Amino acid sequence: MFGFSFHGTPRPPFDDLIQMLVSLSVVGDSAKRPPIVSVDIPSGWHVEEGDVSGGGIKPDMLVSLTAPKLCAKKFTGPHHFLGGRFVPPPISSKYGLELPPYPGTSMCVRIGKVPSVDISSLRENYISPELLENQVMPNPFDQFRSWFDEAVTAGLREPNAMALTTVNKAGKPYDSLSLMFLSAYKTGY
């Protein structure tokens, strides 16, 4: 809400907006409120000492710009990102900044700990009819097109998600990708 180097007491309408965000951040269940994102320094925080008065915003996400300010050490939310890529190596070296590498051409990078995730909640359950060998099309490309079209029509979130394995004549899965391609080559698929 405020620009660079804001000082003093917030004036209307910003004072009411800050108080609303502060009151949202103390509501017990964070799942029942909108997430709060602060850029660079959360409103109400001292740039070096953090939320000294206890009356500042308690964001879920902090996006630090250029380099994290000292107050970021007091940030307890689950998501902290560094946005920028603005610091040339000579400046970083001169001031002893230890900035994380940015992947590829990304302009931001996650810093701090990654929030824990219940991996069982990521599982997508797929229900399909029984697959009988005598109902499978002779051409695997036709069969794939049919299954893919069904998945798209059903509105599945990832209709292109799949797992593929090949087996030898004894019905045992191959343990090498190169053998899988060899098998596909030999069978003409």
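K58 forms a salt bridge with D51, with 2.9 Å between the closest N and O atoms. The model is predicted. Its chain holds four helices and four strands. From the N terminus, the order of elements is α-β-β-β-α-β-α-α. The chain has 189 residues, and 21% of them are buried.

**Salt bridges**

- The count of salt bridges comes to three.
- In the K58–D51 pair, K58 is partly exposed, at a relative accessible area of 32%.
- D51 is also one of the contacts of W45, outside the neighbours within four places in sequence.
- A salt bridge also joins the side chains of K69 and D40, at 2.8 Å from N to O. This pair links distant parts of the chain, 29 residues apart. K69 sits in the loop between β2 and β3, and D40 in the loop between β1 and β2.
- K69 has 24% relative accessibility, so it counts as partly exposed.
- D40 is buried, because its relative accessible area of 17% falls under the 20% limit.
- D149 and R145 form a salt bridge, their closest N and O atoms being 3.3 Å apart. Both residues lie in helix α3 (residues 140-153). They are four residues apart, about one turn of the helix.
- D149 is partly exposed at 36% relative accessible area. R145 is partly exposed too, at 46% relative accessibility.

**Strands and their pairing**

- Strand β3 spans residues 79-83, and four of its five residues are buried, so the strand is largely enclosed by the rest of the structure.
- Strand β2 (residues 61-65) runs parallel to β3, and five bridges join the two. Within this pairing, S64 stands opposite L82 of β3.
- Strand β4 (residues 108-111) runs antiparallel to β3, with four bridges between them.
- Two positions mark the β3–β4 register. G83 stands opposite C108 in β4, and H80 stands opposite I111 in β4.
- In a regular strand, side chains alternate between the two faces of the sheet.
- Strand β4 shows such an alternation of side chains. V109 and I111 point to one face and are buried. C108 and R110 point to the other face and are not buried.

**Nonpolar core and surface**

- The largest nonpolar core has five residues: W45, L62, C71, A72 and F75.
- Two of these core members, C71 and F75, are among the contacts of W45 beyond its neighbours within four places in sequence. The other W45 contacts are G50, D51, G56, I57, P59 and K74.
- L62 is a core residue, and its position falls in strand β2 (residues 61-65).
- A nonpolar surface patch of about 230 Å² is made by V37, V39 and L65. V39 belongs to strand β1 (residues 37-39).
- The chain exposes about 14600 Å², and carbon and sulfur atoms supply 60% of that area.

**Helix α3**

- Q143 is found in helix α3, the element that also holds D149 and R145.
- Q143 is buried, with a relative accessible area of 7%.
- Leaving aside neighbours within four places in sequence, Q143 is in contact with Q135, V136 and M137.

**Links across the sequence**

- Contacts between residues at least 6 apart in sequence include a share of 33% that join residues at least 24 apart.
- P10 lies in the segment before α1 (14-25). P10 is partly exposed, at 27% relative accessible area.
- P10 and G44 are separated by 34 residues in sequence, and their C-alpha atoms are 9.1 Å apart in space.

Technical notes. Residues numbered from 1 in each chain as written. Predicted model: local features only at pLDDT ≥ 70, side-chain atom pairs only at ≥ 80, totals over all residues. Heavy atoms only, no water. Buried < 20%, exposed > 50% of the residue type's maximum accessible area, 1.4 Å probe, protein only. Contact = heavy atoms within 4.5 Å. Areas by Shrake-Rupley, 256 points an atom, 1.4 Å probe, with all protein chains shown as cover. Core = buried A, V, L, I, M, F, W, Y, C linked by side-chain atoms within 4.5 Å. Pairing = 2+ DSSP bridges. Patch = residues over 30% accessible without salt bridge, like charges linked within 9 Å, V, L, I, M, F, W, Y side chains within 5 Å. Salt bridge = Lys/Arg side-chain N within 4 Å of Asp/Glu carboxyl O.
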